[in-house]
Amino acid sequence: MRKTAPRLRLAGALAAALMLGGIATGPTAQADERHGKEPTLADLAQRHGRYFGSATDNPELVDEPYKALLGSEFDQITPGNGMKWYATEPQQGVFDFSQGDEIVNLARANRQKVRGHTLVWHSQLPGWLTEREWTARELRAVLKKHVQAEVRHYRGKVFAWDVVNEAFNEDGTYRESVFYKTLGPGYIADALRWAHQADPRVKLYLNDYNIEAIGPKSDAYYKLAKELKAKGVPLHGIGLQAHLALQYGYPTTLEDNLRRFSRLGLDTSLTEVDIRMQLPATEEKLAQQAEWYRDLTEACLEVRRCVGITLWDYTDKYSWIPAFFPGEGAALPWDEQLAPKPAYFALREALGGR
């Protein structure tokens, strides 16, 4: 593992200099130059054979300055909500792909690739699915129809799918979702097979939070992935969401964890990255945050099969954190005025830019 203490001092100095220069509080001519003539985060990542992306959501796309930066700085987009079950099948058997289509069309216009998110999840399900009891036969048919209808609709338009999202509890036991309780753990393999039948070329992932470090939850995914691979189930990667928080410490075994999944023949991605802090944000916290962004990027670059990094939206203006974690925020590399923070410059340095 790399030693990080010297860079901690550098990051602190860098953050202090940037804060004194006003970069964290408003756009500057230097920042504009970076977004124009100098290589973007995506450009820098491509030099390493990686992508660098951002999530986005449909209501944000009326914000033209936001949309312009989204289209210029990144080469990959994940729809934050528009492809989830409640949005795509609001009534049983009645599909609505309009929100996902809007983001796919935007990505195509910007020559960006799209990650599909997400086919099977315990949350944000429509009422018709959660408000009744299902037999195993009934729910299996519903699940298969949903997975295959959505994957077929986006066939050739997305490069990867988060097929099953957040399947495990923190202790490594299966989450008691409606799918697990009714169908048992086999629903995961079934969903992967059905998705593969609908689009044999798309990369299929399992995705979860708090699996960045080696521990009970990531061990459960490692065990499951090994079993699925042994059975010939089409699983191509593991998505590590990387929703981190300064107060809980950095996942120091991230690189080792990425490597062990690679040894199974799987790709990995950091799929929903943000690093929140307890407010107010201070120069010291922003420096630490910048160091963490640097470290996780370098960990990905050190592992050949870590194929890319996606921010869970790139700006504090549209972060989900304050609504779900009261008193916390400032989690992203751009502030609420779309100005780059120390984390942005740390990302550039980690990717070999300046």
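Of the residues that line the largest cavity, six are nonpolar, three are polar and two are charged, and I should say at once that we are looking at a predicted model. The lining is made by Val-120, Trp-121, His-122, Val-164, Asn-165, Glu-166, Ala-167, Arg-175, Ser-177, Phe-179 and Tyr-187, and the space inside this cavity comes to about 50 Å³. If you wonder how one finds such a space, rolling a probe the size of a water molecule over the atoms shows where empty space is left.

How many cavities of 30 Å³ or more does the structure hold? There are two, and the second largest has about 30 Å³ of space. Its lining consists of Lys-84, Trp-85, Thr-118, Leu-119, Val-120, Trp-121, Ser-123, Gln-124 and Leu-125, which by class are five nonpolar, three polar and one charged. Strand E3, residues 113–120, gives the most to this lining, with three residues. If you keep both lists in view, you will find Val-120 and Trp-121 in the lining of the largest cavity and also in that of the second largest.

Let me turn from the cavities to the largest pocket, where about 860 Å³ of space lies. Its lining counts 43 residues, and those nearest the centre are Glu-166, Gln-241, His-243, Glu-272 and Trp-320. By class the lining has 17 nonpolar, 15 polar and eleven charged residues. Among the elements that each supply at least two lining residues are strand E1 (51–56), helix H11 (216–230), strand E7 (243–245) and strand E8 (267–278).

Strand E8 brings us to the strands that pair with one another, and here I would start with strand E6, residues 237–240. In a regular strand the side chains alternate between the two faces of the sheet. In E6 both faces are covered, with Gly-237 and Gly-239 buried on one side and Ile-238 and Leu-240 buried on the other. Strand E5, residues 203–208, runs parallel to E6 and is joined to E6 by four bridges, and E6 also pairs with E8 in the parallel sense, again over four bridges. Gly-237 is a useful place to look, since this residue is the bridge partner of Tyr-205 and also stands opposite Asp-267 in E8. Together, E5, H11 and E6 make a right-handed β-α-β unit.

Is Ser-269, in strand E8, buried or exposed? Ser-269 counts as buried because its relative accessible area is 0%, and its side chain makes a polar contact of 3.2 Å with the side chain of Tyr-205.

Two helices remain. In helix H4, residues 64–73, the buried residues include Tyr-66, Leu-69, Leu-70, Gly-71 and Glu-73. An α-helix has 3.6 residues a turn, so residues three or four places apart point the same way. At the start of H4, a side-chain oxygen of Asp-63 reaches to within 3.2 Å of the backbone nitrogen of Tyr-66.

Finally, Glu-283 lies in helix H13, residues 283–302, and is partly exposed because its relative accessible area is 38%, a value in between the limits of 20% for buried and 50% for exposed. In sequence Glu-283 and Pro-342 are 59 residues apart, whereas in space the distance from C-alpha to C-alpha is 9.2 Å.

Note on methods:
Residues numbered from 1 in each chain as written. Predicted model: local features only at pLDDT ≥ 70, side-chain atom pairs only at ≥ 80, totals over all residues. Heavy atoms only, no water. 1 Å grid on protein atoms, 1.4 Å probe; cavity = no way out; pocket = protein on both sides within 12 Å on 5 of 7 lines; lining within 4 Å. Points joined across faces, edges and corners; volume = space filled by probe spheres on them. Nonpolar A, V, L, I, M, F, W, Y, C, P; charged D, E, K, R; others polar. Buried < 20%, exposed > 50% of the residue type's maximum accessible area, 1.4 Å probe, protein only. Pairing = 2+ DSSP bridges. Right-handed = clockwise from strand over helix to strand, strands pointing away. Polar contact = N/O pair within 3.5 Å; in protein donor to acceptor, adjacent residues only side chain to side chain.
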